[in-house]
Amino acid sequence: MLVRGDLVHCPELGKLEILQDHVVDIGYTGLIDYIGPATTPDAIEKIAASAGRLILVPKGSFLLPTFCDLHLHAPQFLYQGTGLHLPLMKWLDEYAFKAEERIDADPSLAHKVYTRLAERLIEHGTGAVLLFGTIKEETNLILAKCMMNAGIRAFVGKLSMDISSRPSYIEASAAASLTAVSSFADKCIALNNELPPGTTLVEPVLTPRFVPTCSDELLLGLGKLSKAKNLRVQSHMAEAYDQVEWVRAERGVEDMEVFERSGLLTPRTVQAHCTFLDPPSLSHVAKRGTAVAHCPLSNAYFSAEPFRLREALNNGVKVGLGTDIAGGYHIDILSSMRQAVAVSRMREGARIMGKAAQSHTKADGDDKSVLSIDWTEALYLATRGGALALGLTNGVGTFMKGASFDAQCSKHPID
Ligand code: GUN
Ligand code: FE
């Protein structure tokens, strides 16, 4: 397939490239074999030989890499936007666990909700997604299949939780939980056998829900499993006041310490939120190669503190954006981009005001420690940043030779 038109991407943080009137040649496995300006001799030759396989991007539109949603609870799509008046731990008890249990009990409901979720993700330009599922294997396989059938690159997490406030929504023991997640991982990987050879769309992710729902034995077991089978990991870390206090009271340490000693801070790990991490902790996260899913809308409801985004980026932490459905109420990563910019600007405003108050002079706001990000940085986080957080180093999230052609069009043609 040959595509001709204007392309926009962010190959690096803060670097926006506009590739005007370019030609992209896409091989049968979906990788970009060639990319270059339409006026070069190679491109002209390709266009001349392209009978029937040339797609023109309509004038006035442009292609962007698809978005990556780095944190989304698939079963919570059922009740997104509900109950956000509660603090996190109560909200989980009263809404999240119930909805997830309901989906685990009803495969046809799971199929309906997950098919609709895949449709909505595509409508909003999301091409890759890191998902939290539910406890039950069958429901998570339905989720993986619905995403795969829609052509979405999905990283699917069967929840591991051997502690729960809800006696009917829990795994029997750490050992049973570890056996179950191994089985799910094998079956999830096997789903890709239905795709053309050499293509992978769905992958399993070890998903200890968060420290309060996982025994030390389970966390240690998951750390070993991740290492032995080279499996990805995701969880929530340092998210909310009530959660951080719960971990201190019950385990006597900070979240990060629990993940650290369980071998779960790895280069294959994505931790959601991390709002309570100070710069030295962020630097430790960077040292481990662990990535952060920044979910600014959810933080506004549950965290009571903004994520230190600029400090994380300056420390070399890999960061992408997440919607955190249903802790966030919108499926649209473009909204997460706007929220990330807005929150960072409030942080920068507070910094300037603080400086001015200290020095009794007017702060100029243009020194090197600016905390705000702009829209090009937000676009990077939503595309390449998310892909790198997932360890997709083969150019995903950009338009370059060898990258998978994961693209969306800025505007649909009128006719
Ligand atoms: N921490 C543990 N589970 C959840 C969840 O479902 N949503 C959010 N936002 N935080 C969590
Ligand atoms: Fe979450």
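These are my notebook entries on the domains, the core and the ligand shell of a predicted model.

**Setup.** I count residues from 1 along each chain as its sequence is written, with chains lettered from A and ligands numbered from 1 in the order in which they are written. Because the model is predicted, local features need pLDDT of at least 70 and side-chain atom pairs count only at pLDDT 80 or more, while totals for chains, interfaces and linings use all residues.

**Domains.** I looked up the division first and found domain 1 (2-64 + 400-409) and domain 2 (67-342 + 372-389), with bounds from an automatic or database domain assignment. Their C-alpha centres are 32 Å apart. Nine residues of domain 1 and 13 residues of domain 2 make the contact (C-beta atoms, placed from the backbone, within 7 Å).

**Core.** Next I checked the largest nonpolar core (buried Ala, Val, Leu, Ile, Met, Phe, Trp, Tyr and Cys joined through C-beta atoms within 7 Å; buried means 20 or more other C-beta atoms within 10 Å of a residue's own). It has 118 residues, and Leu 131, Ala 144 and Ala 154 touch the most other members. Both domains give residues to this core, so it lies between them. Beyond four places in sequence, Leu 131 has contacts that include Leu 72, Phe 155 and Val 156.

**Ligand 1.** Among the residues around ligand 1 I noted His 73, Arg 209, His 236, Glu 239 and Asp 324 (near means a C-beta atom, placed from the backbone, within 6 Å). Helix α2 (88-104) and α10 (296-302) each give two or more residues, and α2 has the largest share, three residues (helices are DSSP runs of H or I, at least four residues, numbered from the N terminus).

Methods: A residue is buried if 20 or more other C-beta atoms lie within 10 Å of its own, exposed if 12 or fewer, and partly exposed in between; C-beta atoms are placed from the backbone. Two residues are in contact if their C-beta atoms, placed from the backbone, lie within 7 Å.
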